[in-house]
Amino acid sequence: MNDFKGVKMEGSKVPAEQIKNPELIEAIENMQQDNCKENIDAMVNAVMKAKFILPAKVTPVTQARTKNDQTMMGQSTQVQFRLLENQNKDKFFGIFTDTDELFKWNDTQSSHKVVTDFDSIAQMVMDPKAGVQGFVINPFGKSVTFPKQMVISLKQQRDYIKMNTRKIQPGSQVQLGEPEEYPIDLMAALINHFSTEETVNAAYLRLLEQNGEKSYLIVVDFYGNMEQTFSGISDVAKPYLDDDIELLMMPYSMEFARTAVNKVQPFYKKSQDE
């Protein structure tokens, strides 16, 4: 067993003993009996809606904060999560659909039970300090493993849908191509910006036309916080855009984005030395 020390989490007010997840359990069983796309999608959708239980050790931590030359003592909470380890020494968070599944793990009866959800788990998986390769639902029962890359992909797509106000309209004709006039100044500014962003691996440029309106489509291969990444791009790009064209951003993890840049060279790619 290994541990991961995290900061205080915003937990649910629902007691862990009330977490049951019958819909998710049924979806997992259906998928394991027949792993067709319909059952896989139903299981993933159930995971997005579910609340989970994480066993943890909660420790009060005293901290000193200095402001205006005055030092104030305060108290926060450190949460230490247990980690699973496979034969290859890869580490995973173990999360549980109910206390019956939780108690299959030795010595969890007296553990602090943190009630959490997919978004919180995904953020921890994506934290480089965690050193984990994903999470496992009910590792001592009918388990399902979500590898890190899948977690990142699902999280980015989920965040994109939440924050993007200008979506590509279903059923409308979309054309993709190269800009007629390459925006050299915009690309130079973005390349300079990306070179300072550790979380960005690559970026691609396409011209997208939908219903007669044109947009620059920037597809970004990155990890971490989508809102922060896209806000940074937007701030850098704003001085180089005019009223005739908008900027649309999309994570590389989305199927449409990968298709849009298929066989297209990135205008930025992180150096192996960075």
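This report describes a helix, the strands around it and two residues with positive phi in a predicted model.

## Strand pairing around E10

Strand E10 (213–222) follows strand E9 (200–210), with a loop between them. The two strands pair in the antiparallel sense over 10 bridges, and within this pairing valine 200 stands opposite phenylalanine 222 in E10. E9 and E10 form a hairpin with two residues between them.

E10 also pairs with E11, in the parallel sense and over six bridges. Valine 219 has methionine 250 in E11 as its bridge partner. From E10 the chain passes through H7 to reach E11, giving a β-α-β crossover that is right-handed. E10 is mostly covered, since seven of its 10 residues are buried.

## Helix H7

Helix H7 comprises 12 residues (226–237), for which a rise of 1.5 Å a residue predicts a span of 16 Å; the end C-alpha atoms lie 16 Å apart, in agreement with that value. At its N-terminal end, H7 is capped by asparagine 225, with a side-chain oxygen 3.1 Å from the backbone nitrogen of glutamate 227.

The buried residues of the helix are Met226, Thr229, Phe230, Gly232, Ile233 and Ala237. Viewed down the axis of H7, these residues fall within an arc of 155 degrees, and therefore they line one face of the helix. Glu227, Gln228 and Asp235 are exposed on the other side. The cover over the buried residues of H7 includes helix H5 (148–163), helix H6 (184–194) and strand E11 (246–251), together with E9 and E10. Thus E10 and E11, which the chain connects through H7, are also among the elements that cover its buried residues.

## Residues with positive phi

Most residues other than glycine have a negative phi. Asparagine 211 departs from this pattern, with a phi near 55 degrees. This asparagine belongs to the turn of the hairpin formed by E9 and E10. Asparagine 211 is exposed, its relative accessible area being 52%, which places the residue just over the 50% cut-off for that class.

Lysine 263 is likewise not a glycine and has a positive phi, of about 65 degrees. Its position is the loop between helix H8 (255–260) and strand E12 (268–269). The relative accessible area of lysine 263 is 80%, and the residue is exposed. Both positive-phi residues described here thus lie in loops: asparagine 211 between E9 and E10, and lysine 263 between H8 and E12.

Methods: Residues numbered from 1 in each chain as written. Predicted model: local features only at pLDDT ≥ 70, side-chain atom pairs only at ≥ 80, totals over all residues. Heavy atoms only, no water. Helix = DSSP H or I, 4+ residues; strand = E, 2+ residues; numbered from the N terminus. Buried < 20%, exposed > 50% of the residue type's maximum accessible area, 1.4 Å probe, protein only. Expected span 1.5 Å × (residues − 1). Arc of directions from axis to C-beta. Contact = heavy atoms within 4.5 Å. Polar contact = N/O pair within 3.5 Å; in protein donor to acceptor, adjacent residues only side chain to side chain. Pairing = 2+ DSSP bridges. Right-handed = clockwise from strand over helix to strand, strands pointing away.
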